[in-house]
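Colleague: Could you take a close look at the pocket linings in this model? Please carry on from there to whatever lies around them.

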Amino acid sequence: DRWYTGKSSQENMDEAWDYLQEWGRITTTIGQGEYDSPHYLKVYLAPLALLYGFAEDQRIRQWAEIMLDYIVADFAVEHIDGFYAGAHARLYEREVVQPVNAPSSRSSYQFFGSVPFMPSGESFILAVSGYRPPLILNDIALDRSEPYTHLERKRTRHRIRNTEVKNKIVYKTTRMRAEYAIGSSQGGLLQPIQQQTWDLTWAVDGDPKGIHNTFFALHPYSSPREGTMYFGEQWEMVTELIVRSKTEFASPDKWTGGSAYEQVIQSDDAVVALYDIDPDAEYGHISAFFSKDLSETIERESGWIIARGGDALIAFYPLAPYEWRDEESGDRRFHSPHRKNGYVVQAAPAGDFESLEAFAEAVEALPLETAQEPTPSVSFQTLAGEQIQFTYGETPVIAGTPVDYAGWPLYDGPFLEADVDSRRLLIKHGPQRRLLDLATLKITEWVE
């Protein structure tokens, strides 16, 4: 009548229910910790599906359905053509450079039919559980008829050292279009080892297997400060222990990871990133990923690098000199070995311009001022006419107004709305409405 802990089965069940409710509470009030992970999406979906399909307690089944809808909605609103777009916690290098490798694309097949059939164990669990996303989520995932900007607030995993806050807030912006998605977080150490601060992912016509349909950049930061912030190991040992399973962590050539010296701001289709890398930091360069599947890449005398991926036009302006390095994969690495650094990214749909040359000329005509000393800074007017003024270490200013991080919503966009601390999520598509209320364990649907 007792387990080895001295607790009864009922006591274990009660304790497990308390843990589940606490995870649900913190996720729906200040955001998910392992946020928007293309790799670990499956690790949330499968256990929730087991509870939804097989728990005997109706209360737990209802809770599981709400959280399944919540997690799938979070994916659907940043879903493009089978891929999980934007800024992420927890993803591996093979998924960063080739997005279809991520398990989230398997979920995309199962839920939305967006990519070719790719089975998995988690897919089987979802299938036999009986869970089906409501049609409103399918409509949201596939509706890119109008471009939109979506805001989210997430959180870091629990921090235990080297910080004044247990859960640092993650401020996300994602611009979604039919042709591509570009999304970012504010930078910093938001996820140990496997962070992607910003990303542009373009839609692929046909089978995406083998396609590197992505563009991004980073500073390859590696320090025991990051490891000991999130893990309990000692300073002298933590890097070695991380590298045993995450071999890329200490590499100067890695394609994943956050940096203590990276700050990012986004305004719709434009991203500005600045770096002021400490002289004692192990690596003092930044890298940008130029895919083998970019159809054209042109270096202009103005300093802009112009490229096209699918129907996404990409303009990249580095603040400091750089060189090119070839990768074994056929991709190219932009390498800039300067500690005071940064870049401007401006994206646009190919259909908005007669040619790549016309796009390049339009971008080159935009007002742009940059500086590396004494502190990296950028003043840039985007194609949409918004003025970005950004200096490293200072609050960014967009259209004359400082960015209001304090007022950042849990979710805000045309499809999802939620206030911080609300425990509620309003899902919208056309006149359809679905309200998830974790506080009352109720799901309500109606037509406006």
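Modeller: First, the element names: helices are DSSP runs of H or I with at least four residues, strands are E runs of at least two, and numbering starts at the N terminus. The model is predicted.

Start with the largest pocket. Its volume is about 520 Å³. The lining has 23 residues, and those nearest the centre are Lys168, Gln186, Gly187, Gly188 and Gln263. Three elements each supply at least two lining residues: β5 (169–176), α8 (224–230) and β10 (262–267). Which of them gives the most to the lining of the largest pocket? The answer is β10, with three residues. By class, this lining splits into ten nonpolar, eight polar and five charged residues.

Now follow β10 to the next opening. The second largest pocket holds about 250 Å³. It is lined by 14 residues, with Leu151, Gln266, Ile398, Val403 and Trp408 closest to its centre. Here β4 (148–155) and β10 each supply at least two lining residues. Again β10 gives the most, with three. Six of the lining residues are nonpolar, five polar and three charged. So much for the pockets.

Strand β4 leads on to a salt bridge. Side chains of opposite charge can pair when their charged atoms come close. Asp74 and Lys154 do so, at 3.2 Å from N to O. Asp74 sits in helix α3 (residues 58–76) and Lys154 in strand β4, so the pair ties together distant parts of the chain, 80 residues apart. Are these two partners buried or exposed? Both Asp74 and Lys154 are buried.

Across the whole structure there are 26 salt bridges. One of them joins Arg325 to Glu323, at 2.9 Å between N and O. Arg325 counts as partly exposed because its relative accessibility is 35%. Glu323 falls in that class too, with a relative accessible area of 36%. Another pairs Glu327 with Arg333, whose closest N and O atoms are 3.0 Å apart. The burial of these partners is uneven. Glu327 is partly exposed at 22%, while Arg333 is buried at 2%; the cut-off for buried is under 20%. There is also a network: salt bridges with shared partners link Asp36, Asp74, Glu78, Glu152, Lys154 and Lys172.

Asp36 and Asp74 turn up again at an enclosed space. Rolling a probe the size of a water molecule over the atoms shows where empty space is left. The search finds five cavities of 30 Å³ or more. The largest has a volume of about 80 Å³. Its lining counts 13 residues, with Tyr84, His88, Leu91, Glu95 and Pro99 nearest the centre. Two elements, α4 (93–97) and β8 (198–202), give two or more residues to that lining. By class it has six nonpolar, five polar and two charged residues.

The second largest cavity encloses about 70 Å³. Its lining consists of Gln32, Glu34, Asp36, Ser37, Tyr40, Leu41, Tyr44, Ile71, Asp74 and Tyr84. Helices α2 (41–54) and α3 each give two or more residues to it. The classes are five nonpolar, two polar and three charged. Tyr84 therefore appears in both linings.

Gln32 is also a neighbour of Thr27. Beyond four places in sequence, Thr27 contacts Gln32, Met67, Tyr70 and Leu410. It lies in helix α1 (residues 9–29). Thr27 counts as buried because its relative accessibility is 2%.

Finally, the nonpolar packing. The largest nonpolar core has 59 residues, and Leu200, Phe316, Tyr343 and Val345 touch the most other members. A separate core has 50 residues, including Ala49, Tyr70, Ala76 and Ala181. Tyr70 is thus both a member of that second core and a contact of Thr27.

Take Val345 from the first core. Excluding neighbours within four places in sequence, its contacts are Ile182, Trp198, Phe215, Asp269, Ala270, Val271, Ile314, Ala315 and Phe316. Ala270 also touches Thr382, along with Gln346, Leu366 and Ile388, again skipping residues up to four places away. Thr382 is in the loop between β20 (377–381) and β21 (387–391). Thr382 is buried because its relative accessible area is 3%.

How values were computed
Residues numbered from 1 in each chain as written. Heavy atoms only, no water. Core = buried A, V, L, I, M, F, W, Y, C linked by side-chain atoms within 4.5 Å. Buried < 20%, exposed > 50% of the residue type's maximum accessible area, 1.4 Å probe, protein only. Contact = heavy atoms within 4.5 Å. 1 Å grid on protein atoms, 1.4 Å probe; cavity = no way out; pocket = protein on both sides within 12 Å on 5 of 7 lines; lining within 4 Å. Points joined across faces, edges and corners; volume = space filled by probe spheres on them. Nonpolar A, V, L, I, M, F, W, Y, C, P; charged D, E, K, R; others polar. Salt bridge = Lys/Arg side-chain N within 4 Å of Asp/Glu carboxyl O.
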